[in-house]
Amino acid sequence: MTMSAADATDSRTGDVRNVRTFAVENADYYEAEFEKIEGRTGFALSWNWAAAILGPVWGTARGAWGFFWIFLILELFALVQVGRGLWGELGADELERYNRIRENVENREAKVAELRAAGDTAGADAGQRIADNLKVAAETALEAATAANASATSILIFGLALFAFVKIAEGFYANYAYEAQYLRWRSGKPEQVGLSRRSVIYGMIGLAAIWPLTLVRFTVADPDAWISRVTGGLFGDSWSIVEFPVGKEYFTVLALRGDAGFDWLAIRFGGAFDGITQGIRWVLDGLEVILIQTPWPVVMFITVVMAYRLAGPRVAIFTAAALAYLAFMGLWELSMITVALIGAGAFLCVLIGIPLGIWFGKSRRAYTFAEPVLDFMQTMPAFVYLIPIIAFFGTGKPPGVLATLIFAMPPVVRLTALGMRGVPETTKEAALAFGCTKRQLLFNVELPLALPSIMTGINQTILMALSMVVIASLIGAEGLGALILESLQYAAKGQGLLGGLAILFCAMVIDRIAQGVYRKKSGNV
Amino acid sequence: MARADTHLIRQSDMSDSVIELKNVWKIFGSDANAAMDAVLSRNLSKADVLREFSCVVGIADVSFSVEKGEIFCVMGLSGSGKSTMVRHLNRLIEPTAGAITVLGQDILSLNDAELRNVRANRIGMVFQHMALLPHRTVRDNVAFPLQVRGEPKSRRWEVSQRCLDRVNLTGYEDRFPRELSGGMQQRVGLARALASDPDVLLMDEPFSALDPLIRRQLQDQFMALSAELGKTTVFITHDLDEAIRIGNRIAIMNDGRIVQIGTPEEIVTRPTDDYVRDFVEGISKLKLVFAHSIMVPINEYVPARPVNFDESPRAHLGSDLDHLIDIAITTDHVIVITDDAGGDVGIVDRATLLRGIQGGKA
């Protein structure tokens, strides 16, 4: 074939890239088949005997590794079914049970005979009844075993049908996969050209590692014993393919080490931990004094007015309704404790999170290190860090705030960093060109431009802090969380629902007011 | 006409230069200094530097000076290093080698505070993408350089108002940039650059992102302003027409090097290489070529048949082709060119004129 439009010439090396130079072996065949595939918009029937017969091995030979893996697994699945149908002792478990019961029955009947001989008729009758019951159970087990053995045939047929189907799929799919590989290769991706012996060897190693063990595992009733028998104890008796041959020994040692480590830290840095606790307590106490000690009408009035001024009449009405709910349910004080807890958590998150976010936004390297830590803080289940928090900080509200901090801080850090990075370079450059100091740049340009992102971060942080309320109550933080924890313990459905609604309303009020502030500030009310 | 004359005067008075670059190089990359040494000692090409050091030569051996009150255009295609070059003048980019003097100060020797001071007081800059602060009103955007300088609000607003009046944006003070069209935003950018009353204006492709009609309007407005304020300006553009319209002198950059510096007329009539020639090919010469560059000196003129110069119309040395054509169509005589004193110095006949229109060559 002469050069066609489908040929590509590498601009750097001058190599001609066409089907012929790609397929090398059997080039005529592939040229014709690819033409068929490329000439049709829909599905073109293109059958590849080599791929159908050799399956995954064809894939390895042609370097079509995607094909190799897909059909390796499909063929293996079909073969497992065939193996189970042929040699799988499907009724083995039930048969064993039957034998066990039969043995039991025989023992009992022997005993009954003894009793009868001894003249204990009542005892013998009782024994006989148990033996009869066991006989029924044995019959059931035997039936199950027979049924399982009978199903072997259908499994075998299913397996064979599946295998045939996989072969057909291989034959039809191969040229499509290979054509896609050709297109990748033509656009300069490193793909194998022609047949390769080395690839076949790699593929065979893969097959040898995967197929035999898996087939044995699924077809033989006791694979470990079978392997031990076949290999003549070459790997010893304890070697197992069913379970990883390790007990709990490593785990136990490391866990004990961990315990010792935490204890050491708790003692060594006790002062620092106490200091942190004290700091959090100050913030908490301040907020609690404001929210709880202030007479409730004053707090309610200020909150509603604030909502009105900052976020408009609709939010004010909603706020009034929500506060009324809290008051009439008698949850006012608990709610205020909760809000103080969240408020302290969110405040500290923002206080620590925004400077960190600014730093991470400016320094790529710092962010690279921080990213996994932030991921860890967000994905690690809360219970895992509750344990060390108790070890270091004890129980009560400050540790609760600390747990909130760990969970709720990542969004504000991330979004601040994102916002900082989103400030256009041109804008920063312009500010510098007018003689800005770093500080002026930060406060006049970067932070205002990053503000939308930062506000989203703060919002998310507040909402995540709220979701920690119940978990924080596990380590003794009072409030609505404790109420819900209690209803969980006593299955008090109604109490749980009312408490949950109270948390929801607290969250919504805070969220709506905060969003209102932001909307007003950005000028799109 | 006036332009050519003022330029002649300026060239003779070099002590007045406001900006001076001497052999400035900028090489980007982690190994820039080693690459620089190699370039100087072994005379490597741009491609060599990229291959050997994985460094990119941004600008190469750039030297020029700009005189007080001059509009100096730097023209080049994208990637030619013109934007990189202009950022050296206020040291937004540090050069790898060379000397830069602006307003008599060695810019490279300034410490951070001094540099900020120069940027805030003496050099204004206008950017291609405006780079306005979206969260501030037009007024506060214009006042930004003054705020940076620590001026009180009342003074900031007063100056800002004056600058906005100057660019015809009176009445838009309290709008936000996003509410303005592209052309208006760039006028805000210009007002901002003028707010600190700098001695030097750096304009980095200020009108490139605008549509042609608005661009022309802004060019006119800028030239009027410039004539009034007389600020020394370095004007970056990729549009030769714009450079010719605006510039007193033009520097043409290619691949980080300046290939030619000259008045618009010099660039158009005497391009130094094919690169520049390609550029000027499509440019109309009528307004750029002047009598003095095409005329035949009067004592060398060999008439085809005897002529009497007394009947010939007269034109000044600085008349452009457009004007000479106007004269030529009214008469059959050759045109006599006179100097400032009114004395006859040269002759332009029909053949000379046609050659001039064609190629700007005598």
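Student: Let's start with the strands of chain B. How many bridges join strand β1 of chain B to strand β4 of chain B?

Tutor: This is a predicted model, so keep that in mind throughout. In it, β1 of chain B covers residues 17–28 and β4 of chain B covers residues 97–102, and the two run antiparallel. One of the pairings puts B:I19 in partnership with B:V102 in β4(B). The number of bridges joining β1 to β4 of chain B is five.

Student: Which strands stand at the edges of that sheet?

Tutor: The sheet is open, with antiparallel pairing and the order β2-β1-β4-β5 in chain B. An edge strand here pairs on one side only. That gives β2 (56–67) and β5 (105–106) of chain B.

Student: Chain B has another open sheet, with mixed pairing. Why do two of its strands have one side without a neighbour in the sheet?

Tutor: The order in this four-stranded sheet is β11-β14-β13-β12 of chain B. Two of these, β11 (296–297) and β12 (314–316) of chain B, stand at the edges, so one side of each is left without a neighbour. The reason is that each has a single partner strand.

Student: Which residue stands opposite B:H316?

Tutor: Look at β12(B), which is joined by three bridges to β13 of chain B, residues 335–338. Those two strands run parallel. In β13(B), the residue opposite B:H316 is B:T338.

Student: Now for the contact between the chains. Which elements give two or more residues to the side of chain B that touches chain A?

Tutor: Chain B puts 16 residues into the contact, and chain A puts in 14. On the chain B side, the classes come out as nine nonpolar, four polar and three charged residues. The elements you're after are α5 (112–121) and α6 (138–149) of chain B.

Student: Which element of chain A do the buried residues of α5(B) pack against?

Tutor: The buried residues of α5(B) are B:V118, B:R119 and B:A120. From chain B itself, they pack against β5, β6 (123–126) and α6. From chain A, the packing partner is α18 (425–433).

Student: Which helix gives the most to the largest nonpolar core?

Tutor: That core has 101 residues, and B:A191 is one of those with the most contacts inside it. Beyond four places in sequence, B:A191 touches B:V142, B:C163, B:L164, B:R166, B:V167 and B:L169. Apart from this core lies another of 68 residues, with A:I337 and A:L405 among them. The top contributor to the largest core, with seven residues, is helix α8 (182–195) of chain B.

Student: What distance separates the domain centres in chain A?

Tutor: Chain A is assigned a domain 1 (8–230) and a domain 2 (272–293 + 330–522). Chain B also has two domains, and there the C-alpha centres are separated by 32 Å. For chain A, the centres lie apart by 52 Å.

Student: Which element of chain A has the highest mean pLDDT?

Tutor: Across chain A the mean pLDDT is 87, and 95% of its residues reach 70 or more. Residues 1–5 of chain A stay under 50, with two contacts beyond four places in sequence. Among the elements of chain A, strand β1 (8–9) has the lowest mean, 65. The highest mean, 93, belongs to helix α13 (313–328) of chain A.

Technical notes: Residues numbered from 1 in each chain as written. Chains lettered and ligands numbered in written order. Predicted model: local features only at pLDDT ≥ 70, side-chain atom pairs only at ≥ 80, totals over all residues. Domains from an automatic or database assignment. Pairing = 2+ DSSP bridges. Contact = placed C-beta atoms within 7 Å. Nonpolar A, V, L, I, M, F, W, Y, C, P; charged D, E, K, R; others polar. Buried ≥ 20, exposed ≤ 12 C-beta atoms within 10 Å, placed from the backbone. Core = buried A, V, L, I, M, F, W, Y, C linked by C-beta atoms within 7 Å. pLDDT = per-residue confidence, 0-100.
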